[in-house]
Amino acid sequence: MATVKISLSLVSLSPSSSSSSSTQSKLSPSFIPNAARTKAAAKLRFSGKSLRSKPFVHRASRSGGITCSASSSPATLPSALLFDCDGVLVDTEKDGHRISFNDTFKERELGVTWDVELYGELLKIGGGKERMTAYFNKVGWPDKAPKDEAERKEFIAGLHKQKTELFMVLIEKKLLPLRPGVAKLVDQALTNGVKVAVCSTSNEKAVSAIVSCLLGPEKAEKIKIFAGDVVPKKKPDPAIYNLAAETLGVEPSKCVVVEDSGIGLAAAKAAGMTCIVTKSGYTADEDFEKADAVFDCIGDPPEERFDLAFCGSLLQKQFVS
């Protein structure tokens, strides 16, 4: 059977997300001084290590970016730091999940290939099984797919299981590294008694493999994972973040979420949480106007964009320019 390669817009299948022409990292206008609202905000630097005793205030640097200095008032830290997985911990989508989906389609001889552009559209649908179902409903089901709806659900579940196994091989071989600053921020949170969790629409086994293989088993034991079908509705529905707050025993208003997509941001804000966006390859042009802060990554020194104390300062909302 000849392989069919299709590029089409599937925006109508999922909640719309307006685009932004800017791909620069920025801070929310609620706390950027006017003089510093420039493209140089992509080069943000945050200093300071005494997390519980010194919150940060900002001032414009010579380069036009933002630096943060300590004040004398007590610091506020989040009760929980909640990470999305794909695009936040690891930039997995283009060269991880997409490749694994395509390898599965090839092994099953379905005659389907998801190119880079098409997969970017499909990412507006939360969940791999939901993504495949929406796609096949739109373009037509493969000849090898069953006709009965219940059997189709089993067919999709089988495809997704096979895809997850292929994806886990990539993770176990460490072919997809952590994004800059992830390990640092997780370490800061665990060291300072802040609860850490990963909240993802991806398969639980895949998320667990990423956390264990790339952050290490010792840290993985301290990180709670909420993933896959643990909730009936996936992002942009806030269910997974609501479940995380309830399970961890924390107030949503004291949680800081790190997301990379519009649907993830919508889920976090609907749950009443503070949300920082770290843009990924597929989400650079999305509209993140409702985010509390937006960066290109978390970053490690000397390219650090923000740290745990900055997360706490967003909750505190006490900035002096």
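Let's start with strand S7 (residues 195-200): 5 of its 6 residues are buried (under 20% relative accessible area, 1.4 Å probe, protein chains only), so the strand is largely enclosed by the rest of the structure. Strands here are DSSP runs (E, at least two residues) and helices too (H or I, at least four), numbered from the N terminus. This is a predicted model, where local features need pLDDT of at least 70, side-chain atom pairs count only at pLDDT 80 or more, and totals for chains, interfaces and linings use all residues. Residues are numbered from 1 along each chain as its sequence is written, and side-chain values use heavy atoms, leaving out hydrogens and water.

**Neighbours of S7**
- S7 pairs (at least two DSSP bridges between the strands) with strand S5 (residues 80-83) in the parallel sense, over 4 bridges.
- In that pairing, Phe 83 stands opposite Val 198 of S7.
- S7 also runs parallel to strand S8 (residues 223-227), joined by 5 bridges.
- Over in S8, Phe 226 is the bridge partner of Cys 199.

**Unusual backbone spots**
- Most residues other than glycine have a negative phi, and most peptide bonds are trans.
- The Lys 235 to Pro 236 bond is cis, with omega near 15°, and Pro 236 sits in the loop between S8 and helix H8 (239-248).
- Pro 301 to Pro 302 is cis as well, with omega near 5°.
- Glu 109 isn't a glycine, yet its phi is positive, near 55°; Glu 109 is exposed (over 50%), with a relative accessible area of 52%.
- Lys 174 has a positive phi of about 55° and is found in the loop between H4 and helix H5 (182-191).
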